[in-house]
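Biologist: Got a minute to walk me through this one? I'd like to start with what the words mean and then look at the chain.

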Amino acid sequence: MGDPSGVGAEVAVKALASLPAAERSRYAIIGDLPTLERARAACGVDLPFDASTGAVKVIHVPVEGLPGQFGILSPRCGEASYQYIKTAVDLTRSGDAAGIVTAPINKEALNAAGHHYDGHTGMLAHLTGCTSSWMLLASERLNAIHVSTHVSLKDAIERATPERVAETIRVGHNHFRRMGVENPRIAVAGINPHCGENGLFGREDDLQIAPGVAMAKAEGIDVAGPISADTLYHKAYQGAFDLVVAQYHDQGHIPIKLVAFDTAVNVSLGLPIDRVSVDHGTAFDIAGKGLADHVNMLSALEYARRLEG
């Protein structure tokens with residue numbers, strides 16, 4: 001359900017209410033039942049939570065001290081967000097659930113509650129015992145997997161080691177194979193303008209990115225790069241590549257959000273469980289007003305269904 005004060009409850013109930021009643025039985029919402037009931041009323045949707053036909057199961061996780069209203073930045077909501085995700089991970093790892101679709105959480109509230117993560121992906125990696133994970137932003141015509149995400153640009157450059165670049169390519173390649181692309185075409189974005197212009201604008205592309213690309217290419221992966229990012233995304237959007245490897249957060253996020261703001265989804269790779277998320281925030285300013293658009297949640301649900309095979 002995400003942060004109880006955000007739009008997560010609204011987009012969840014709107015999305016599930018828009019599905020055929022027979023399809024809803026495959027879903028359960030983990031969160032706070034009173035919040036979901038308030039969201040349902042605010043959105044004016046007919047979505048039963050009891051045992052009636054077409055009902056959606058609610059797994060209520062009690063957390064004391066919730067503000068009981070939308071649009072409030074609260075450490076208790078951060079605690080609730082953590083508890084909902086932990087419950088979802090436990091259910092998925094036990095085999096009682098096939099995967100997780102997450103609504104937005106608020107990083108400030110999460111950290112104020114004492115859970116010091118940079119977001120869902122880092123938290124999920126910790127809860128599942130993974131040392132590495134990756135963020136993929138997926139849309140119909142453009143997809144980007146990130147070498148690093150929620151770190152400073154300076155740290156992102158340092159993290160773009162040949163080994164990390166090569167492993168990012170491998171993870172993306174394997175995921176797209178799983179999604180039915182037999183031989184994914186992957187392009188790796190350069191980290192400097194024009195990939196450094198042979199050292200004129202820096203040597204990171206020559207010393208860090210290119211060796212990683214060579215390692216993956218030697219394994220038989222169809223990968224090209226580094227390619228100057230200012231032209232690469234246009235080529236990928238026109239169909240030249242199935243996947244772009246972005247070196248840092250904004251290099252991957254800005255193009256995706258420009259061309260697929262409402263439909264792109266966030267997929268966590270490298271975890272032992274499947275997780276897909278909406279690609280928007282808690283939107284405290286409109287939470288509880290019934291205004292939140294559920295199209296992105298529908299896209300996340302559809303991607304999760306594809307992961308089931």
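Modeller: Sure, a term to begin with: contact means heavy atoms within 4.5 Å. Also, this is a predicted model, where local features need pLDDT of at least 70 and side-chain atom pairs count only at pLDDT 80 or more, while totals for chains, interfaces and linings use all residues. Residues are numbered from 1 along each chain as its sequence is written, and side-chain values use heavy atoms, with hydrogens and water left out.

Biologist: OK, so what is histidine 175 in contact with, leaving aside neighbours within four places in sequence?

Modeller: Histidine 175 touches Leu136, Val267, Leu269, Tyr303 and Leu307.

Biologist: And where is histidine 175 placed?

Modeller: Histidine 175 is part of helix H7, residues 162-178. Helices (H or I, at least four residues) and strands (E, at least two) are DSSP runs, numbered from the N terminus.

Biologist: Is histidine 175 buried or exposed?

Modeller: Buried, at 6% relative accessibility. The cut-offs are under 20% relative accessible area for buried, over 50% for exposed, and partly exposed in between, with a 1.4 Å probe and protein chains only.

Biologist: How far apart are histidine 175 and asparagine 192 in space?

Modeller: They are 27 Å apart, C-alpha to C-alpha, with their positions 17 residues apart in sequence.

Biologist: Let's zoom out. How many helices and strands does the chain have?

Modeller: There are 11 helices and 10 strands.

Biologist: What is the radius of gyration of the chain, against that of a compact globule?

Modeller: The chain has 20 Å, and a compact globule with 309 residues would be near 19 Å, so the two agree. That radius is taken over C-alpha atoms, and the globule rule is 2.2 Å times the number of residues to the power 0.38. Along the principal axes, the C-alpha atoms fill a box of roughly 65 × 40 × 35 Å.

Biologist: How much of the chain is buried?

Modeller: Buried residues are 51% of the 309. As for contacts with a separation of 6 or more, 73% of them are between residues 24 or more positions apart.

Biologist: Which residues would show me that sort of thing?

Modeller: Try threonine 102, in strand E3 (residues 100-102). Beyond its neighbours within four places in sequence, threonine 102 has contacts with His120, Arg275, Val276, Ser277, Val278 and Met297. The C-alpha atoms of threonine 102 and leucine 301 are separated by 9.5 Å, although their positions lie 199 residues apart along the chain. Threonine 102 counts as buried because its relative accessibility is 6%.

Biologist: Got another one, maybe in a loop?

Modeller: Leucine 47 sits in the loop between helix H2 (33-43) and strand E2 (57-60). With 1% relative accessibility, leucine 47 is buried. Setting aside neighbours within four places in sequence, the contacts of leucine 47 are Val13, Leu16, Ala17, Arg24, Arg40 and Val56.

Biologist: Changing topic to cysteines. How many disulfides are there?

Modeller: The count is 0. A disulfide is a pair of cysteine sulfur atoms within 2.5 Å.

Biologist: Why is there no bond for cysteine 77?

Modeller: Because the closest cysteine sulfur, in cysteine 43, is 17 Å from that of cysteine 77, too far for a bond. Cysteine 77 is also buried, at 0% relative accessibility. Cysteine 130, by its 21% relative accessible area, is partly exposed.

Biologist: Any odd backbone angles?

Modeller: Cysteine 195 has a positive phi of about 55° although it is not a glycine. Cysteine 195 lies in the loop between strand E6 (186-189) and helix H8 (204-218), and it is buried at 13% relative accessibility. Alanine 283 also has a positive phi, near 50°, and is not a glycine either. You'll find alanine 283 in the loop between strand E10 (275-278) and helix H11 (295-307).

Biologist: Which residues does a cis peptide bond join?

Modeller: Glycine 225 and proline 226, with omega about 0°. Proline 226 belongs to strand E7 (residues 223-227).

Biologist: Last one: is aspartate 230 buried or exposed?

Modeller: Exposed, with a relative accessible area of 55%. Aspartate 230 is in helix H9 (residues 229-237).
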